[in-house]
Amino acid sequence: PDATTQATVAHLLSQTGKVEQARKAYAATASGFRGVNPSTVAWLEVQRGVTFLTAGRWAEARRLFEAATERLDDFTLAEEHLAEVLARSGESAQAEALYRRVVERSGDPSLRAALADVLEARGDTAGAAAQRQRVRKDLEGLLKGRPAAVWADAARFFLRRGDSRRALELARRNADLRQDARSLTLLAQAQS
């Protein structure tokens, strides 16, 4: 199979929790890739890193996210996952700095919410509250403009903030639309 097919197989293995099989499939994809575009290789490194992140293997995930950020400047996907690993590893100052960069560049409410979590963990409750207020405002705006695109992120945010009624409403809409394992899992979390 070509590299695209191998990457798809690796992704599916990762999504079903088959970490070692996914790791081998991603390695085969990387070794079979013959292009010169650094973004494709960086993307593969991030996908491999997500597999390890999901399995709680942070050191391996970090190595891959760092490699992707070195390969491709301002690669938001790699930087956001690297910030997540840094936060989970207790390197909150570095995580905060990286989250601030990606939030400034992307404006993504889910990344701003992650920044708020890091700020709170560092004891900056006022900074965390300000970030969460901005997340809520941004999500409300997105829910008016293109709601289906943010139902899952908004449901997760409201669930973490204790607004279970709003989270359940959004999780239901998301599950009705998508009918995949992640959407149904989110719905089950919102219902409990």
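Where is Asp 74 found? In this predicted model, Asp 74 is found in the loop between α4 and α5, and the sections below place that loop within the rest of the protein chain.

## Overall architecture

The secondary structure of the protein chain consists of 11 helices and zero strands, so that, read from the N terminus on, the elements run α-α-α-α-α-α-α-α-α-α-α. Along its principal axes, the C-alpha trace spans about 45 × 40 × 30 Å. The radius of gyration is 18 Å, which agrees with the value near 16 Å that a compact globule of 192 residues would have.

Among contacts between residues at least 6 apart in sequence, 39% join residues at least 24 apart.

## Surface and charge

Buried residues account for 39% of the 192 residues in the protein chain. The chain exposes about 10,400 Å², and carbon and sulfur atoms supply 50% of that area.

The protein chain carries 30 positive and 25 negative charges, and the mean positions of these two sets are 3 Å apart.

## Nonpolar cores

In soluble globular proteins, nonpolar side chains tend to be buried together. In this protein chain, the largest nonpolar core has 28 residues, of which Val 46, Ala 61, Phe 65, Ala 68, Phe 75 and Tyr 99 touch the most other members. At least two residues of this core come from each of α3 (38-54), α4 (58-71), α5 (76-88), α6 (92-106) and α7 (109-121), and α7 gives the most, with six residues.

Ala 61 offers a closer view of the contacts: leaving aside residues up to four places away in sequence, Ala 61 touches Gly 49, Phe 52, Leu 53 and Val 85. Apart from the largest core lies another core, of 20 residues, and among them are Ala 152, Ala 154, Leu 186 and Ala 190.

## Two loop residues with positive phi

Asp 74, the residue of the opening question, has a phi near 55 degrees, which is a positive value in a residue other than glycine. Is Asp 74 buried or exposed? Asp 74 is partly exposed, because its relative accessible area is 47%, and partly exposed residues are those between the limits of 20% and 50%.

Gln 179 likewise is not a glycine, although its phi is positive, at about 50 degrees. Gln 179 is found in the loop between α10 (164-178) and α11 (181-191). With a relative accessible area of 52%, Gln 179 is exposed, because a residue counts as exposed when this value is over 50%.

Methods. Residues numbered from 1 in each chain as written. Predicted model: local features only at pLDDT ≥ 70, side-chain atom pairs only at ≥ 80, totals over all residues. Heavy atoms only, no water. Helix = DSSP H or I, 4+ residues; strand = E, 2+ residues; numbered from the N terminus. Rg over C-alpha atoms; globule rule 2.2 N^0.38 Å. Buried < 20%, exposed > 50% of the residue type's maximum accessible area, 1.4 Å probe, protein only. Contact = heavy atoms within 4.5 Å. Areas by Shrake-Rupley, 256 points an atom, 1.4 Å probe, with all protein chains shown as cover. Lys, Arg positive; Asp, Glu negative; His and termini not counted. Charge placed at Lys NZ, Arg CZ, Asp CG, Glu CD. Core = buried A, V, L, I, M, F, W, Y, C linked by side-chain atoms within 4.5 Å.
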